[in-house]
Amino acid sequence: MINWLQNLGRRAMRVFERLGRAHLFLWQVMTGLPQAILRPSLVVTQLYSVGVLSMVIIVVSGLNVGMVLGLQMYNTLSDFGSEESLGQVVALSLVRELGPVVAALLFAGRAGSALTAEIGLMKATEQLAGMAMMAVDPLRRVVVPRFVAACIAMPLLAAIFSAVGVMGGYFVGVGLLGVDSGSFWSTMQSRVDWHEDVLNGIIKSMAFGFVAAWIAVFEGYDAIPTSEGVSRATTRTVVETALAVLALDFILTALMFGVD
Amino acid sequence: MMSQGGETPLVEVRGLSFARGTRVIFDAVDIDIPRGKVTAIMGPSGTGKTTLLNLIGRQLRPASGRIKVDGEDVNTMSRDELYAMRKRMGVMFQTGALFTDLTVFENVAFPLREHTHLSDSMIHDVVLMKLEAVGLRGARDLMPSELSGGMARRVALARAIALDPMMIMYDEPFTGQDPITVGVIMKLIRLLNDALGLTSIVVSHDVHELTMICDHMYVISEGKVVGQGTPQVLDHQGSPWVNQFMHGLPDGPVPFHYPASDYAADLLT
């Protein structure tokens, strides 16, 4: 019993120690942000690799999610004779929830894992130590531009995901199932509120982007510098980001739309 | 402590103690690295040679003791002072530590772009001069993945001298290299040290190669300096342990046999 308690205590201490390290790391990243503003070229380079290179998976997934959503919602709505509301339902689902959440999950799998692996391997191959010995702070030169780029890319990718998803829903609803095109767009226009829906969706995707970027760069920087260590860090990035995004989604949804 | 020439040593280590967990790596070690010389730090694998370089560059901090580089205590420096000091230190890592997303040219240009305001044409010329010094001017457009291990280390060396440092630390420069590459690296260590007026610290356990190029040697074992002097002195007047290490003898103070019970008794049981 005592051993069990000791083990539990030890594990809890490790978790809290790691959390503390992650927060200290975030603080150091934050203090390095002016560097990113002074050298925007570093951020732009990273924006290409975490943002532009994630476009394919985001566009393809967004299109598929939108098409499935169009099909499912059409079947349900047609039971009540309200197929015209399809545009509204598809847009609200995407803008409020699916866009930010699914884009964040895909982002963690595509860009987050790549960031962790890249930083972890730079650590394992002594590139970060080499940089530090050349009097260049690896946190500011390597981590901060990647963190900023991920924070910028994520809301943009979520917006693209939602926009492409709406196109997918339109293609299935209007193109294949015969919903009136005018109704599709007009219900969407009248029922999707800029502040209540779009802005809240953007806030969500920004929050998810911040968390996904933080986890990805921290896991890479904190990785044990071996192949196994980097592999475990990459896995942790995907798992932790997915859990954090889903938990944060509930909290933000409750705050934005209420739980009463 | 003054060196033989009356100059203070470039690196002065006093009473250095360092441990990893319960394992003592250094126990009150004193080391002087004389200016303008090639000094070798030798010892068996896992004895803490690379750790010593990390302590000198303050990538690690000692439990106790003092490390002075060019008269300044590295452990009491501010971050800015440390970074200013590091600009005057070059390090050639065991793996080369080249940036894999940059070409050879850009790797060597990296410290210049980070720390100077030189024009592109000036950086171009300086990088080509450094690459020429290590014989790799023609490899400027290659990526690190296209280089052999020896070439990668030579590029790392060119990068280490890019800012014209006062000293270079070599971490296991010969490990895993073919004889020709070892010869090239040996020549470069000696040549660059003398031509550029550097101070070099070479960490290695390749006794033969080191005795040919270094001016002074330290042998470290089990947290202590067990021998020091010129290669000639160490070769003939070292302790039995140093003698075994220097000549690669299979048996001696470090026994051939792992501790075991009596052989005959073991066979008869």
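This is a short chat about a predicted two-chain model, covering the A–B contact, some strands of chain B and one lysine of chain A.

User: Before we start, what are the ground rules here?
Analyst: It's a predicted model, where local features need pLDDT of at least 70 and side-chain atom pairs count only at pLDDT 80 or more, while totals for chains, interfaces and linings use all residues. Residues are numbered from 1 along each chain as its sequence is written, chains are lettered from A and ligands numbered from 1 in the order in which they are written, and side-chain values use heavy atoms, with hydrogens and water left out.

User: OK, how many residues does each chain put into the contact?
Analyst: Chain A gives 16 residues and chain B gives 21 residues, with contact meaning heavy atoms within 4.5 Å.

User: And what area is buried between them?
Analyst: About 1,600 Å², with 59% of that from carbon and sulfur atoms. Buried area here is the accessible area (1.4 Å probe) that two parts lose on being put together, summed over both.

User: How many salt bridges between chain A and chain B?
Analyst: There are 3, taking a salt bridge as a side-chain nitrogen of Lys or Arg within 4 Å of a carboxyl oxygen of Asp or Glu. One of them joins Glu114(B) and Arg141(A), at 2.7 Å from N to O.

User: Which elements of chain A give two or more residues to that side?
Analyst: α6 (127-133) and α7 (138-176). Helices are DSSP runs of H or I with at least four residues, strands are E runs of at least two, and both are numbered from the N terminus. The largest share, 6 residues, comes from α6(A).

User: Switching to chain B: how do β1 and β4 pair?
Analyst: Strand β1 (residues 11-20) and strand β4 (residues 64-69) of chain B run antiparallel over 5 bridges; strands pair if DSSP finds at least two bridges between them. Glu12(B) has Lys68(B) as its bridge partner in β4(B).

User: What is the partner of Lys68(B) in β5(B)?
Analyst: Asp73(B). β4(B) and β5 (residues 72-73) of chain B pair antiparallel over 2 bridges. Their hairpin has 2 residues between the strands, and Asp70(B) takes a positive phi near 50° there.

User: Last one: is Lys204(A) buried or exposed?
Analyst: Lys204(A) is buried, at 0% relative accessible area. Buried means under 20%, exposed over 50%, partly exposed in between (1.4 Å probe, protein chains only). Lys204(A) sits in helix α9 (residues 194-222) of chain A.

User: Which side chain does Lys204(A) meet at 2.9 Å?
Analyst: That of Asp249(A), in a polar contact: a pair of N or O atoms within 3.5 Å, where within protein one must be able to donate a hydrogen and the other to accept it, and residues adjacent in sequence count only if both atoms are side-chain atoms. The side chain of Lys204(A) also makes a polar contact with that of Thr253(A), at 2.8 Å.
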